Amino acid sequence: MDVESVAVELYGLKPAEFTAARDAYVAEARKAGDKQLTAAVAALRRPTVAAWTAGLLARHRPEEARRLVRLGEALRTAHRTLDAERLRKLSHDQHVVIGRLARTAGALAAEAGQSVSDPVLYEVEQILHAVLADADVAARWSGGRLAKAPETVPGFTGLEPSPGATPPRPARARRPDGSEAEHARPPKRVAGGRAEQARREREEAARADSAEARAEAERLETARAAAQDLVDRAAVAVQVAEEDVRAAKERLVTARAASAEATAGLREAGRTAAKARARAEAAARKVEKLGGGGP
């Protein structure tokens, strides 16, 4: 038994089955006296439903998973090199692929007997976006070891352009004489300007509310995960204590049986000694009697 093979098995189970199976492996490793393996297995965290659902793709759709990883590599390269045309094409592919894969993951979860809500599917999409944006997340997801959605917001803002990369130039249009000219900016609207401004403000407020709600959801998920960690650790501690109690009870039963056996042996030895003394006394009296009746 090693932690990698254990992790492969555990993260393939439904989240509700994870903790009991992990604790059983912890007990087995402890019984074998392998402290390092015990600690490593105990440190494995139960996956969220979204992380487990996203992981089903890597387990049951490996070729599609590899294509998603390759798409992420291409996107990150295009971002670093500021290849605008390539980015537009890959960004379109990204949204199409992620939507399809999220639906496939939901279907796989349903086949495994795990219901998946719309908020969970949305979180699955965010995980897949993170797989595209972050090579480390992609590696953990591909290996089936992702326990929760990454805390960072999916995107490519952390990738710096490669040295010497040229920023994308604005699209150009042809003049009547055949020469090129940059597209002119559309004229600002005069009529209805206030209504348009109000609409934009409402949209910005809605986006701010949405971002705040997502941040709060992530904070609550982090708090829930921390609480789950405490529960898992407490469960392991309880199991260890219960094993110690069972071992102590077994030692107590053994000691009591040995004590009872020793007591029975002592009593039998006493009875045997008493009989021996009685025979000795009878023999002495017989000798004395025979000696007293001589000529």
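**Figure 1. Helix 2 and the glycine that follows.** Just past the end of helix 2, Gly-33 adopts a positive phi of about 80 degrees. Please keep in mind, here and in each view below, that this is a predicted model. Helix 2 itself covers residues 15-31, and its 17 residues should span 24 Å at 1.5 Å a residue. The C-alpha atoms at its two ends lie 25 Å apart, which agrees with that expectation. If you follow helix 2 along its length, you will find Pro-15, Phe-18, Thr-19, Arg-22, Asp-23, Tyr-25, Val-26, Ala-27 and Ala-29 buried.

**Figure 2. The largest nonpolar core.** This core holds 32 residues, and the members that touch the most others are Leu-57, Leu-68, Leu-71, Val-124, Leu-128 and Trp-141. At least two core residues come from each of helix 4 (49-60), helix 5 (62-81), helix 6 (84-111), helix 7 (118-133) and helix 8 (135-142). Helix 6 gives the largest share, with 8 residues. Another core, of 12 residues, lies apart from this one and includes Val-6, Tyr-11, Leu-37 and Ala-147. As background, nonpolar side chains in soluble globular proteins tend to be buried together.

**Figure 3. A closer look at Leu-68.** Which residues does Leu-68 contact, once its neighbours within four places in sequence are left aside? They are Val-97, Leu-101, Leu-128, Val-131, Leu-132 and Trp-141. Leu-128 and Trp-141 may look familiar, as they join Leu-68 among the core residues that touch the most other members.

**Figure 4. Helix 5 packed against helix 6.** The axes of these two helices are 10 Å apart and meet at an angle of about 150 degrees. Because that angle is over 145 degrees, helix 5 runs roughly antiparallel to helix 6. Their crossing is left-handed. On the helix 5 side, the residues taking part are Glu-64, Leu-68, Leu-71, Ala-74, Leu-75, Ala-78 and His-79. Their partners in helix 6 are Arg-86, Leu-87, Leu-90, Ser-91, Asp-93, Gln-94, Val-97, Arg-100 and Leu-101.

**Figure 5. Ala-78 in its surroundings.** Is Ala-78, a residue of helix 5, buried or exposed? Ala-78 has a relative accessible area of 3%, so it counts as buried, the cut-off being under 20%. Beyond its neighbours within four places in sequence, Ala-78 is in contact with Asp-83, Arg-86, Leu-87 and Leu-90. You can also pick out Arg-88, 10 residues away along the chain, whose C-alpha atom is separated from that of Ala-78 by 9.6 Å.

Key:
Residues numbered from 1 in each chain as written. Predicted model: local features only at pLDDT ≥ 70, side-chain atom pairs only at ≥ 80, totals over all residues. Heavy atoms only, no water. Core = buried A, V, L, I, M, F, W, Y, C linked by side-chain atoms within 4.5 Å. Buried < 20%, exposed > 50% of the residue type's maximum accessible area, 1.4 Å probe, protein only. Helix = DSSP H or I, 4+ residues; strand = E, 2+ residues; numbered from the N terminus. Contact = heavy atoms within 4.5 Å. Expected span 1.5 Å × (residues − 1). Axes fitted to C-alpha atoms, helices over the stretch in contact; angles between N-to-C directions. Parallel < 35°, antiparallel > 145°, perpendicular 65-115°, else oblique. Left-handed = near helix turned anticlockwise from the far one by under 90°.
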